[in-house]
Amino acid sequence: VSAGSAGPAAAGMSSAVVAAGAMGTAVCLAAKRRGAASTSTKARGGDLGRLPSGRAGAATPRRNTAQMQEEQIEEVRGMAGSIVKKTTVLVLGSTGTVGRQVVRQMLNAGYSVRCLIRNKADRPFSFLVDWGASCVDGSLNRLESLPTSLIGVHTVIDCSTAGPEESVYDTDWEGKKFFIQCCEKMEIQRYIFMSIKDCDKFQEVPLMKIKYCTEKLLGNSSLRYTVLRATGFMQPLISEYALSILDDQKVWGDDGSNPGIAYMDSQDCARFIAAAATKERLVGKTITLGGPKVWTSNEIISMCEKFSGRKADINIVSNQLLEATKFVAGGFEWTRDVAERLQFAALNQGKPGIEVAVMSQEAYELLGVDPTNTRKLEDYVGEFYRRVFKKLTKGSYEPEAGEVEKEQDEMDRKAKEVFEGNTKDELSPGQPAEKDVLVDDQREMAEILQDFQELKAIARSNEAVNKWFGLVPIAEVINGRSAMMGFSLGLFTEWATGISVAKQVDQLIAIFQTPS
């Protein structure tokens, strides 16, 4: 190794040695824990206490987690020595638009559903418990919390993605990469991954690039996976267009260059996901999901105007303006997340050779779903306006006679189509067959992986990059931002009071000086 590259090479070798040592120590700790568990049931119960969840009906997330912990311990302990049931499902992103519908679909079909929940006050999940799901406290940003959430799980349905306050690199790549590795080591039998349509063709968009890299990671793993690439959903259009037009607020349109999106209902998407999780012929497949018709922004606005009887106040945003805003935001570290999200403007312009089309007939046949049973956007928006106007005229919305029963019958009929289909279902050639897995084996591997991550976290906390004092990166960033904030505040005060920044500093010093 040359002298100039000795530093980085040594650092890389040091990281590898630390990781190898951590893994070895984790194996030893797990072996000791298994020995202690074999002689003491109480010791095993205490270790399982790191899996907080259950089926309590408390009012707040914090109380829910505390009350569910003991029941989850008993549930996992009761699985000892048994084979993982095929009806156990773990859902990621269960509080999101699609995830909550997936939970309802699987629960209604008789599955035992577990939800990985980030236990925060602003993320209520008590409705999941009320439905009958169990909840596990964990996050893709806390890697040590992931292995134990997979104990006793047969199928994973991944509907998660990073929130606005989170980093897509940490959550959708680093967190999900380790989670997939845990699934592989713990022999999870099915993995359903929600991706984005045409993510392989828009690699300049960070989130779509990460989704495509995750697809390739699954393809190179031993997991029995299915990738579902989704388009847009109907639900956000209510707040974005329907409500805004009804309240005489501005709505955002485009310059006509947007090729459009085949929007689909989140309930239809949940049925597609449930079908993919129960069909052997879909192992190793990638399917694009979508709605029955392609809609542009201007067409959606026109439809809302027709149903509401009001004229929309439209702000036209050109692709050039979005590109300029993205360029400016990309020049500052604190606005880089904004710039990355503005990368989605590339989708508005389209690309040569990319067809904007509805969901194919072949995809419907593979999923075993009748395309006539999917909801249309005009029906969805029309139903929203019907209920709103009825509430405005009568003071409250009361379903008509037989309306609730009719909706329930329709949901049952659609669910039966998914779970009790009569189509032939055989595993594709070259795909691995399903096998039986012991819960005890999953528990042992979970302990090893969890200890490994905990030791890595300790090692990372001692690295220079995580130190707060001295000539270290964190101190440089904090000091730099503090100086910039102070100077900006001084300039604002100078403009507001007419006193220069230098004079302000003199007056501040004089306050703390002893009068002579």
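Which residue lies over the face of Trp-131? Let's start there and then tour the rings of this predicted model.

## Charges over rings

Arg-104 is the residue in question: its distance from the ring centre of Trp-131 is 5.0 Å, and it lies over the ring's face. A lysine takes up a similar theme, with the charged end of Lys-293 placed over the ring of Trp-295 at 4.2 Å from the centre.

## A tilted pair

Turning to rings that meet other rings, the model holds eight aromatic pairs. One of them joins Tyr-111 and Phe-419 in a tilted arrangement, with 40° between the planes and 6.1 Å from centre to centre. Tyr-111 belongs to the loop between helix H4 (99–108) and strand S2 (112–117), while Phe-419 is in helix H16 (residues 403–419), so this contact ties together parts that are 308 residues apart in sequence. Phe-419 is partly exposed, at a relative accessible area of 25%.

## A stacked pair and its cluster

Phe-307 and Tyr-385 make a stacked pair: their planes are 25° apart, and the centres are separated by 6.3 Å. Here, too, distant parts of the chain are linked, since Phe-307 sits in helix H10 (residues 297–308) and Tyr-385 in helix H15 (residues 377–394), 78 residues apart.

How do the two partners fare for exposure, buried or partly exposed? Phe-307 is partly exposed, with a relative accessible area of 32%, whereas Tyr-385 is buried at 2%.

These two rings also have company: ring pairs join Phe-307 and Tyr-385 with Phe-384 and Phe-389 in a cluster.

Methods:
Residues are numbered from 1 along each chain as its sequence is written. This is a predicted model: local features need pLDDT of at least 70, side-chain atom pairs count only at pLDDT 80 or more; totals for chains, interfaces and linings use all residues. Side-chain values use heavy atoms; hydrogens and water are left out. Rings of Phe, Tyr and Trp (its six-membered ring) pair if their centres lie within 6.5 Å; planes under 30 degrees apart count as stacked, over 60 as edge-to-face and the rest as tilted. Helices (H or I, at least four residues) and strands (E, at least two) are DSSP runs, numbered from the N terminus. Buried means under 20% relative accessible area, exposed over 50%, partly exposed in between (1.4 Å probe, protein chains only). A charge sits over a ring if NZ of Lys or CZ of Arg is within 6 Å of the ring centre and within 35 degrees of the ring normal.
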